[in-house]
Amino acid sequence: FSDNAASQFHEALKADIDAGRTKIIFDLRGNPGGYVTSARQIASEFIGSGPLFWEEDADGNQVETEAKSGGVATSDDIELVVLVDRGSASASEIVAGALQDRHRATIVGETTFGKGTVQTIQPLNHGELKLTLAKFYRVSGQSTQHQGVLPDIAFPSIIDTKEIGESALPEAMPWDTIRPA
């Protein structure tokens, strides 16, 4: 999700809702994520209020992120299916997990990548450094780290998922939980 993804998504979704569409398929397959702020805004289009996810920094400080008001598809009359695969990671997992935890969508596809960390890129003179700032957690208190988002309706994978994903990386942070929202 890029910086302007949320505003583009809002406009496209609003046009669909204004046209009377009540059944939506949201395809997050192959979406590697992006900005946490965009993930919050996109999930908020379907969830009118309440918790979306938690972030925990290296000092153990936990911050609950709430839905933003003004979502255009918060009505229960709007049915939502979210497609995911092993290429759905990070901010995509925040969105899929929040929609699943809040019972706003049916998640269909494969288990997602399993990246439950918040990172930033720090430019250096010769390259860049990726810094992990925090971990994010679902409303349930569970991390997506290593485990990903498990679909409600699973499709078999055409790839070996043990070879791809956060859990395949040798120094990846472990899975854990915090208190639920």
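Which side chain of opposite charge is nearest to Glu-93, and how far away is it? Keep that in mind as we walk through this model, which is a predicted one.

The side chain in question is Arg-86, at 7.0 Å. A salt bridge would need a nitrogen and a carboxyl oxygen within 4 Å, and Glu-93 has none, even though this residue is buried. What does the side chain of Glu-93 do instead? It makes a polar contact with the side chain of Thr-112, at 2.6 Å, and it also reaches the backbone nitrogen of Gly-114, again at 2.6 Å. Glu-93 itself is part of helix H3. If you set aside neighbours within four places in sequence, its contacts take in Ser-88, Thr-112, Phe-113, Gly-114 and Lys-115, along with Phe-136, Thr-144, Gly-148 and Val-149.

Helix H3 is a handy bridge to the nonpolar side of things. The largest nonpolar core counts 34 residues, and Phe-26, Phe-46 and Val-82 have the most contacts inside it. At least two core residues come from each of helix H1 (5–18), strand S1 (23–27), helix H2 (36–44), strand S2 (51–57), strand S4 (79–84), helix H3 (91–101) and strand S7 (127–138). The largest share is from H3, with 6 residues.

Now zoom in on the aromatics, where the structure has 3 pairs. Take Phe-9 and Phe-26: their ring centres are 4.8 Å apart and the planes meet at 35°, so this pair counts as tilted. Phe-9 sits in helix H1 and Phe-26 in strand S1, so the pair ties together parts 17 residues apart in sequence. Both rings belong to buried residues: Phe-9 has a relative accessibility of 18%, and Phe-26 has 9%. Add Phe-46, and ring pairs link the three into a cluster.

Phe-46 has plenty else to touch. Not counting residues up to four places away in sequence, its contacts include Phe-9 and Phe-26, plus Leu-13, Ile-24, Ala-73, Thr-74, Leu-80, Leu-99 and Arg-104.

One more stop is helix H2. Which of its residues are buried? They are Val-36, Ser-38, Ala-39, Ile-42, Ala-43 and Ser-44. The cover over these buried residues includes H1, S1, S2 and H3, as well as strand S6 (117–124). H3 thus turns up in three places on this tour: it holds Glu-93, it gives the core its largest share, and it helps cover H2.

Note on methods. Residues numbered from 1 in each chain as written. Predicted model: local features only at pLDDT ≥ 70, side-chain atom pairs only at ≥ 80, totals over all residues. Heavy atoms only, no water. Core = buried A, V, L, I, M, F, W, Y, C linked by side-chain atoms within 4.5 Å. Buried < 20%, exposed > 50% of the residue type's maximum accessible area, 1.4 Å probe, protein only. Helix = DSSP H or I, 4+ residues; strand = E, 2+ residues; numbered from the N terminus. Contact = heavy atoms within 4.5 Å. Lys, Arg positive; Asp, Glu negative; His and termini not counted. Polar contact = N/O pair within 3.5 Å; in protein donor to acceptor, adjacent residues only side chain to side chain. Phe/Tyr/Trp six-rings, centres within 6.5 Å; stacked < 30°, edge-to-face > 60°.
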